[in-house]
Amino acid sequence: MKKFFIATIAAICTLGASAQTFWDGETAEKKFTLGVRAGLNIADMSGDDVDAKSKANFHAGISADWNIVNSFSVNSGIFYTGKGAKDFSANFIEIPIYASYRLNFAEASQLQVNFGPYLDFGVGGDAFKDYEDGGIEGKRFQMGLGVGAGYTFSKFFVGLQYQFGLTDCHEDLNAKYNNFAISVGYNF
């Protein structure tokens, strides 16, 4: 899955080779963009102590872009996202803080490549139940790195993202959450 994601990002980036400029340092006309996003998660756990199969889940939330110049913005927001693995769930409130390179193809068409950290705050699921209730008492705070690409046409958005967990999901396990996401959205 990681190789597929990296190949997709490379293919999308080569589409931008035909654009007139790779960097537009002009001050952005619209300083702030607010949008909604929703989509499919394919989440799993990786590590020495875990052999868990992936789990399909969803994410939804509000995105916010601070447009610094035409070719660069800071992409953030707040999302409800489901992670975990096949046998249990882990639901989080997620706050990404991504650097976003923007390549304009036309006035209403834009490619973006995003990279940066994200913070997850556990709010529910089997992963946070007590041992007595059949859970694993996972850590409620998680963080990791995300990399992705998106395409905006007019006000509509479609994107791909992969998240690499950096923190162990449980004190007694050497395991991290990873997540592949496909998103659609609308910018206001």
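Let's start with a pair of residues. Gly61 stands opposite Phe79 in β3. Keep Phe79 in mind, because rolling a probe the size of a water molecule over the atoms shows where empty space is left. We will get to such a space shortly. One caution first: this is a predicted model.

Now the strands around that pair. β2 and β3 run antiparallel, and ten bridges join them. The connection from β2 to β3 is a hairpin through two residues. On to β1. It is joined to β2 by twelve bridges, again in an antiparallel arrangement. In that pairing, Leu34 stands opposite Ala64 in β2.

Step back to the whole chain. There are one helix and nine strands. In sequence order, the pattern reads α-β-β-β-β-β-β-β-β-β. The chain has 188 residues, and 44% of them count as buried. What about contacts across the sequence? Take those between residues at least 6 apart in sequence: 61% join residues at least 24 apart.

Next, the enclosed spaces. How many cavities of 30 Å³ or more does a search of the whole structure find? Two. The largest cavity has a volume of about 310 Å³. It is lined by 23 residues, and here Phe79 comes back: the closest to the centre are Asn75, Phe79, Tyr98, Gln161 and Ser183.

Which strands build that lining? At least two residues each come from β1 (32-47), β2 (55-69), β3 (72-85), β4 (88-96), β6 (109-124), β7 (141-153), β8 (156-165) and β9 (175-187). The largest share belongs to β8, with five residues. Now the chemistry. The lining of the largest cavity has 14 polar residues, seven nonpolar and two charged.

The second largest cavity holds about 40 Å³ of space. Its lining is Lys83, Tyr118, Asp120, Gln142, Met143, Gly165, Thr167, Lys176 and Tyr177. The strands giving two or more residues to that lining are β6, β7 and β9. By class, the second cavity's lining splits into three nonpolar, three polar and three charged residues.

Tyr177 has another role on my list. It is one of the eleven residues of the largest nonpolar core. The others in that core are Met45, Val50, Ala85, Phe88, Ala90, Phe92, Ala127, Phe128, Cys169 and Ala175. Which strands supply at least two residues each to this core? β4 and β9 do. The largest share, three residues, comes from β4.

Zoom in on Ala175 in that core. Leave out residues up to four places away in sequence. Ala175 then touches Met45, Ser46, Gly47, Val50, Thr167, Asp168 and Cys169. Met45, Val50 and Cys169 are core members too. Thr167, for its part, is in the lining of the second largest cavity.

Last stop: the open space. The largest pocket has a volume of about 650 Å³. Its lining counts 24 residues, and the closest to its centre are Lys30, Thr33, Asn104, Glu107 and Gln110. Elements that give two or more residues here are β1, β2, β3, β5 (98-106) and β6. What classes line the largest pocket? Eleven residues are polar, seven are charged and six are nonpolar.

To close, three places to look at on the screen. Find Phe79 by the centre of the largest cavity. Find Tyr177 in the largest nonpolar core and in the lining of the second largest cavity. Then find Glu107 in the lining of the largest pocket.

Methods: Residues are numbered from 1 along each chain as its sequence is written. This is a predicted model: local features need pLDDT of at least 70, side-chain atom pairs count only at pLDDT 80 or more; totals for chains, interfaces and linings use all residues. Side-chain values use heavy atoms; hydrogens and water are left out. On a 1 Å grid over the protein atoms alone, a cavity is a set of points where a 1.4 Å probe fits but cannot get out, and a pocket is an open set with protein on both sides within 12 Å along at least five of seven lines; lining residues have an atom within 4 Å of a point. Grid points are joined across faces, edges and corners, and a volume is the space filled by probe spheres set on the points. Helices (H or I, at least four residues) and strands (E, at least two) are DSSP runs, numbered from the N terminus. Ala, Val, Leu, Ile, Met, Phe, Trp, Tyr, Cys and Pro count as nonpolar, Asp, Glu, Lys and Arg as charged, and the others, Gly among them, as polar. A nonpolar core is a set of buried Ala, Val, Leu, Ile, Met, Phe, Trp, Tyr and Cys residues joined through side-chain atoms within 4.5 Å. Buried means under 20% relative accessible area, exposed over 50%, partly exposed in between (1.4 Å probe, protein chains only). Contact means heavy atoms within 4.5 Å. Two strands pair if DSSP finds at least two bridges between them.
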